[in-house]
Amino acid sequence: MKKSIYTVLLAAFSVATYACPMCEKQQPKILRGIAHGAGPESNLDYVIVWGMVAFVVITLFYALKYLIKPKENNDDHIKRTIINFE
């Protein structure tokens, strides 16, 4: 039962992610078949998107880095009020 539900959901999701033929004609070659709607109107659109991609990757890197090894060893750090709660 679970396999059939997952299969139907996956099939529905994969079909919904493809661009329709009309949108596909409006997209530049690199985005053709992936994105819906009008394509980028200028090179500034690409700069903005790649800037946001870089920002997200850097943010993800630091979020994971400080989750794995936070390097907070002070005895008066705020986390000690919860960890050493008695």
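Helices and strands here are DSSP runs, with at least four residues for a helix and at least two for a strand, numbered from the N terminus. By that definition, the protein chain has four helices and zero strands. The model is predicted. The chain holds 86 residues, and buried residues make up 5% of them.

**Overall build**
- Read from the N terminus, the elements of the protein chain follow the order α-α-α-α.
- Take the contacts between residues at least 6 apart in sequence: 0% of them join residues at least 24 apart.

**Confidence**
- The protein chain has a mean pLDDT of 78.
- A pLDDT of 70 or more is reached by 85% of its residues.
- Helix α1, residues 2-16, has the lowest mean pLDDT among the elements, at 70.
- Helix α3 has the highest mean pLDDT among them, at 92.

**Aromatic residues**
- The count of aromatic pairs is two.
- Phe61 and Tyr62 make an edge-to-face pair. Their ring centres are 5.1 Å apart, and their planes meet at 75°.
- That pair counts as edge-to-face because planes over 60 degrees apart fall in that class.
- Tyr62 also pairs with Tyr66, and this pair is stacked. Here the centre-to-centre distance is 6.2 Å, with 20° between the planes.
- The Tyr62 and Tyr66 pair counts as stacked because planes under 30 degrees apart are classed that way.
- Both Tyr62 and Tyr66 sit in helix α3, which spans residues 43-68. They are four residues apart, about one turn of the helix.
- Phe61, Tyr62 and Tyr66 together form one aromatic cluster.

**Exposure of the cluster**
- Phe61 has a relative accessible area of 49%, so Phe61 is partly exposed.
- Tyr62 is at 40% relative accessibility, so Tyr62 also counts as partly exposed.
- Tyr66 is at 45% relative accessibility, and therefore counts as partly exposed too.
- The cut-off for exposed is over 50%, and the cut-off for buried is under 20%.

**Largest pocket**
- The largest pocket contains about 160 Å³ of space.
- Its lining is made of Ile30, Leu31, Pro40, Asp45, Tyr46, Val49 and Trp50.
- By residue class, the lining of the largest pocket has six nonpolar residues, no polar ones and one charged.
- Asp45 is in that lining, and Asp is one of the residue types that count as charged.

Key
Residues are numbered from 1 along each chain as its sequence is written. This is a predicted model: local features need pLDDT of at least 70, side-chain atom pairs count only at pLDDT 80 or more; totals for chains, interfaces and linings use all residues. Side-chain values use heavy atoms; hydrogens and water are left out. Rings of Phe, Tyr and Trp (its six-membered ring) pair if their centres lie within 6.5 Å; planes under 30 degrees apart count as stacked, over 60 as edge-to-face and the rest as tilted. Buried means under 20% relative accessible area, exposed over 50%, partly exposed in between (1.4 Å probe, protein chains only). pLDDT is the predictor's confidence in each residue, from 0 to 100. On a 1 Å grid over the protein atoms alone, a cavity is a set of points where a 1.4 Å probe fits but cannot get out, and a pocket is an open set with protein on both sides within 12 Å along at least five of seven lines; lining residues have an atom within 4 Å of a point. Grid points are joined across faces, edges and corners, and a volume is the space filled by probe spheres set on the points. Contact means heavy atoms within 4.5 Å.
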